[in-house]
Amino acid sequence: MERQHPGEPARIPSDSILLEGTLTVPQGAKGIVLFAHGSGSSRLSPRNTYVAKALHKAGIGTLLFDLLTEDEAADRENVFDIDFLGHRLVDATRWLRSQAKFAKYPIGYFGASTGAAAALAAAARDSSIRAVVSRGGRPDLAMKCLHRVKAPTLLIVGGDDSPVIEMNEEAFEQLRCEKSMMIVPGATHLFEEPGTLEEVVRLARDWFAKYLTGDAAEEAAPSDCPDEDEDLVFADRVEAGRKLATRLLKYKDQQPVVLGVPRGGVPVAFEVARALNAPLDVIIARKLGAPGEPELGVGAVVDGDHPETILNREVVSALRVSRAYLEREIHNQLKEIERRNLLYRAGRARIELKDRTVIVVDDGIATGGSIRAALRGIRHQAPKKVVLAVPVGPADTIASLRDEVDEIVCLSTPPRFFGIGEFYRDFHQLADGEVIRLLELARPERASAQAQH
């Protein structure tokens, strides 16, 4: 009779919520593998469960958990937000290490689809991760951080999954760690064909046996501390906003207007506005997603009396995006902008920007597409001066935006940059309610009332 390995429920704190999971650690286990599921999946993924059971038989523990709550997963932006998913995996890893009876175990990651990118993003931040396995993954979505991954990494791809093979080959070239790429003949993306998932199990089990629990792991075991440059990491958006505000105090006497980019930029902007005794409003820009690849931006659109659209002509041309598609996507994103305007402002008019010094604040910049659209939209309103203020961003992106503004204030331009969340210990996904609460607190009558207490 096959031996069963009962799991125990796990509730993993991350940001302001608890993530549901199942932790299974067989007696005598030599390591634990955390599973990062793909888009549209959950901790109950039958394929990941199948692999996990095989690892149990090999004496390896597993933690299967939901990277997103149901409400979060309903927002497709979250599903493809690799920074955010990687942040959740890091939080789960820290939680596991905080459990006294599991703290000693070496840890590995198993990721599928977008979960593979999250696993690599998390491993890039934590040099103590012993091994990573990707099943039908999208490691290309973590391209900017692959050179920082130190854990031995195995990429498993289906032989009949041609587009994903190409994406994995590109990612494989960027990895600087011990690595291997295995193609399973006759398998498509989900490894549904007879015998293909069994081959995934064999490859993953052998990789973890070698690098997670075996001699190779002992020879190259790194320290149990995340490989982070503490000088570049903010505790949260509040701390980032306060540090940013100290660089903007020279504008206090100019009666500036502070505009936060929802959602993540608003807590940063709130601290800046409070320090400068300035009114706070929002500027809403939305990415235009590519056909079938919503995480890939072909441009951006920004709100205002005259909405501004910025297109990445190279991407539009390369993907042969039709004019009809662009018009539909612009229309859809403008509808979402209008929804957020009504929600955030609750009927209040936009703050007049004409002849004012305008400070645009976000929690960081990656590619700069959306913020560029926002800045051009602001220019249409004839401000006296436009200042872009962010805690962190890659140097090349910051440089590319200098022609759009009168001044840029950026606290850090690290040479290695794969995502904004890398530079925050707490980078939780904000809800609309948090944005509304901060905008309400920043209203002049509320701000003055608070000051009197």
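Helices and strands here are DSSP runs, numbered from the N terminus. The model is predicted.

**Exercise 1. Place phenylalanine 191 and describe its backbone.**

Step 1. Find the element. Phenylalanine 191 sits in the loop between β8 (179-184) and α7 (196-211).

Step 2. Check the backbone. Its phi is positive, about 55°, although phenylalanine 191 is not a glycine.

Step 3. Is phenylalanine 191 buried or exposed? Buried means under 20% relative accessible area. Phenylalanine 191 has 3% relative accessibility, so it counts as buried.

**Exercise 2. Do the same for aspartate 355.**

Step 1. Aspartate 355 belongs to the loop between α12 and β14 (357-361).

Step 2. Phi of aspartate 355 is near 60°, a positive value in a residue other than glycine.

Step 3. Exposed means over 50%. Aspartate 355 has a relative accessible area of 54%, so it is exposed.

**Exercise 3. Find which residues a cis peptide bond joins, and where arginine 263 lies.**

Step 1. The cis bond joins proline 262 and arginine 263. Omega there is about -5°.

Step 2. Arginine 263 is in the loop between β9 (257-260) and α10 (265-276).

**Exercise 4. Describe the surroundings of arginine 345.**

Step 1. Arginine 345 is part of helix α12, which covers residues 323-345.

Step 2. Its relative accessibility is 7%, so arginine 345 counts as buried.

Step 3. List its contacts, leaving aside neighbours within four places in sequence. They are Asp281, Val282, Asp303, Arg340 and Arg350.

Step 4. Look for a polar contact. The side chains of arginine 345 and aspartate 281 make one at 3.1 Å.

**Exercise 5. Work out how α12 packs against α15.**

Step 1. Choose the quantities. Two packed helices are described by the angle between their axes and the distance between the axes.

Step 2. Read them off. Helix α15 spans residues 432-441. The angle between α12 and α15 is about 50°, and their axes are 9 Å apart.

Step 3. Name the arrangement. The two helices, α12 and α15, are therefore oblique to each other.

Step 4. Which residues meet? From α12 come Arg339, Leu343 and Tyr344. From α15 come Asp432, Val435, Ile436 and Leu439.

Step 5. Sort the contact of α12 with α15 by class. There are five nonpolar residues, two charged residues and no polar ones.

**Exercise 6. Trace the contacts of lysine 179 and threonine 153.**

Step 1. Lysine 179 lies in strand β8. Its relative accessibility is 27%, so lysine 179 counts as partly exposed.

Step 2. Not counting residues up to four places away in sequence, lysine 179 touches Thr153, Phe172, Glu173 and Trp207. Its side chain reaches the backbone oxygen of phenylalanine 172 at 2.7 Å.

Step 3. Follow the contact to threonine 153. Threonine 153 is in strand β7 (residues 153-158). At 0% relative accessibility, it counts as buried.

Step 4. Read the list from the threonine side. Beyond neighbours within four places in sequence, the contacts of threonine 153 include Lys179, Ser180, Trp207 and Leu120.

Step 5. Compare a distant partner. Lysine 179 and glutamate 314 are 135 residues apart in sequence. Their C-alpha atoms are 32 Å apart in space.

**Exercise 7. Link proline 383 to isoleucine 378.**

Step 1. Proline 383 is in the loop between α13 (369-379) and β15 (385-392). It has 12% relative accessibility, so proline 383 counts as buried.

Step 2. Not counting residues up to four places away in sequence, proline 383 touches Leu353, Lys354, Asp355, Arg356, Val358 and Ile378. Aspartate 355, from Exercise 2, is thus among its contacts.

Step 3. Turn to isoleucine 378, which lies in helix α13. At 0% relative accessibility, isoleucine 378 counts as buried.

Step 4. With the same sequence limit, the contacts of isoleucine 378 include Leu353, Val358 and Pro383.

Step 5. Add distances. The C-alpha atoms of proline 383 and glutamate 352 are separated by 9.0 Å, with their positions 31 residues apart along the chain.

**Exercise 8. Judge the confidence of the prediction.**

Step 1. The chain averages a pLDDT of 86, and 91% of the residues score at least 70.

Step 2. Where does pLDDT fall below 50? Residues 223-231 form one such stretch, with 17 contacts beyond near neighbours in sequence.

Step 3. Over residues 447-453 the pLDDT also stays under 50. The model has three contacts beyond four places in sequence for residues 447-453.

Conventions. Residues are numbered from 1 along each chain as its sequence is written. This is a predicted model: local features need pLDDT of at least 70, side-chain atom pairs count only at pLDDT 80 or more; totals for chains, interfaces and linings use all residues. Side-chain values use heavy atoms; hydrogens and water are left out. Helices (H or I, at least four residues) and strands (E, at least two) are DSSP runs, numbered from the N terminus. Buried means under 20% relative accessible area, exposed over 50%, partly exposed in between (1.4 Å probe, protein chains only). A polar contact is a pair of N or O atoms within 3.5 Å; within protein, one must be able to donate a hydrogen and the other to accept it, and residues adjacent in sequence count only if both atoms are side-chain atoms. Contact means heavy atoms within 4.5 Å. Axes are lines fitted to C-alpha atoms, for helices over the stretch in contact, and angles run from 0 to 180 degrees between N-to-C directions. Angles under 35 degrees count as roughly parallel, over 145 as roughly antiparallel, 65 to 115 as roughly perpendicular and the rest as oblique. Ala, Val, Leu, Ile, Met, Phe, Trp, Tyr, Cys and Pro count as nonpolar, Asp, Glu, Lys and Arg as charged, and the others, Gly among them, as polar. pLDDT is the predictor's confidence in each residue, from 0 to 100.
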